[in-house]
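Please open the structure in a viewer and keep the sequence beside it. The tour below proceeds by selections, one stop after another.

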Amino acid sequence: MPFARLATATTPTSHIGLGLAAVGRPGYINLGREDDLGEQRTVEALRARTHELLDAAYAQGVRYVDAARSYGRSEEFLAAWLDAHPDRDDIVVGSKWGYTYTADWSADAETHEVKDHGVRTYERQRAETADLLGDRLDLYQIHSVTPDSPALTDKELHGKLAELAATGVTVGFSTSGPAQADAIRAALTVTVDGEPLFRTVQSTYNALETSAGPALAEAHDAGLTVIVKEGMANGRLAEPYAPDALKAVAEETSLHTDAIALALILRRPWVGVALSGAATVGQLASNLHAAVVDLSDDQLARLDALAEDPQAYWARRGSLPWH
């Protein structure tokens, strides 16, 4: 499996990945986006920004990169960077299908993405991903599985995904919403010819939203690689938006709140990769400090107290505007 390369890596930052959701398209729901990107959001500007981030991440030991069909041109930007650096063959590349990007490079579009977990969408998007990433794709994930997703019960889809897995591509899924734990546990029961279909799970987990933790631990125990997304809660854990308790711990450690928020995730024994969603090289550098943060029991207790009710958390996330 490609993730064995990460499991045996020894650099402190090898278990931090770079997610491209924030830089593959002009609009996203992260707080502070106006400061991060300003007005320079042309295709050329975001391609250059993505490549700058990939260069910086690779130089600092990051080896997993996460894209998606719905992240605007993220796969295109990543493919161009990979083509320019064929020697960097230790990069593990993941992408996702299940949402179609519909904003046409506008931050003000009425609809930015449309979800469909059907077989026809899978076949179309798999071909689109193959055209861009070819044999550099290591992991293909179903995007944002929820307990009612047909992807959990569609036997034809399961067969198609098993065919992909037989070619050497790892098959996984991501989750979202207040019932992530239910979706994870349901996905763990999906088999093809008696073998588990999914080998990775990517879920939202952070200081404010911890409800998926027990199910992610079960997934890890079942042999899946756990990838954590939205560790910064779409900017809610970054300065200046962070809760006072997080700011206090950051001050005590002489680091920024983002490093503390990601360090809290990396401490979980079931985490394989925690994603940085950095939009600037400075943010990435700060995020990577998470790999060496040492937190006391008292600090951990204060951070654990920040967890919100998952229904309230996801309602808040759903209200965030696209910037």
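**First stop: a β-α-β unit**

Select β2, helix α4 (residues 74–84) and β3, which make a right-handed β-α-β unit. Right-handed here means that, with the strands pointing away from the viewer, the path from the first strand over the helix to the second runs clockwise. Helices (H or I, at least four residues) and strands (E, at least two) are DSSP runs, numbered from the N terminus. The model is a predicted one, in which local features need pLDDT of at least 70 and side-chain atom pairs count only at pLDDT 80 or more, while totals for chains, interfaces and linings use all residues. Residues are numbered from 1 along each chain as its sequence is written, and side-chain values use heavy atoms, with hydrogens and water left out.

**Second stop: strand β3 and its neighbours**

Now select residues 92–97, which form strand β3. Are they buried or exposed? Six of the six residues are buried, so the strand is largely enclosed by the rest of the structure. Buried means under 20% relative accessible area, exposed over 50%, and partly exposed in between (1.4 Å probe, protein chains only). In a regular strand the side chains alternate between the two faces of the sheet. In β3, Val92, Gly94 and Lys96 point one way and Val93, Ser95 and Trp97 the other.

Add strand β2 (residues 64–66), which pairs with β3 in the parallel sense over three bridges; two strands pair if DSSP finds at least two bridges between them. Val65 has Val93 of β3 as its bridge partner. Next, add strand β6 (residues 137–145), which is joined to β3 in the parallel sense by five bridges. There, Ser95 has Tyr140 as its bridge partner.

**Third stop: aromatic rings and charges**

Keep Tyr140 selected and add Trp97 and Tyr122: these residues form one aromatic cluster. Rings of Phe, Tyr and Trp (its six-membered ring) pair if their centres lie within 6.5 Å; planes under 30 degrees apart count as stacked, over 60 as edge-to-face and the rest as tilted. Then show Arg126, whose charged end sits over the ring of Tyr140, 5.5 Å from its centre. A charge sits over a ring if NZ of Lys or CZ of Arg is within 6 Å of the ring centre and within 35 degrees of the ring normal. Arg73 is placed in this way over the ring of Trp105, with its charged end 5.9 Å from the ring centre.

How many aromatic pairs does a search of the whole structure find? The search finds eight. One of the pairs is Tyr28 and Trp322, edge-to-face at 6.0 Å centre to centre, with 75° between the planes. Tyr28 lies in the loop between β1 (16–19) and α2 (33–37) and Trp322 in the segment after α13 (310–319), so the pair ties together parts that are 294 residues apart in sequence. Tyr28 is buried, at 10% relative accessible area, whereas Trp322 is partly exposed, at 29%.

**Final stop: strand β12**

Select residues 273–276, strand β12, in which both faces are covered. Val273 and Leu275 lie on one side and Ala274 and Ser276 on the other, all of them buried. Which strand do three bridges join to β12? The strand is β1, which runs parallel to β12, and Leu18 stands opposite Ser276. Strand β11 (residues 225–229) also pairs with β12 in the parallel sense, over two bridges, and Val228 stands opposite Ala274.
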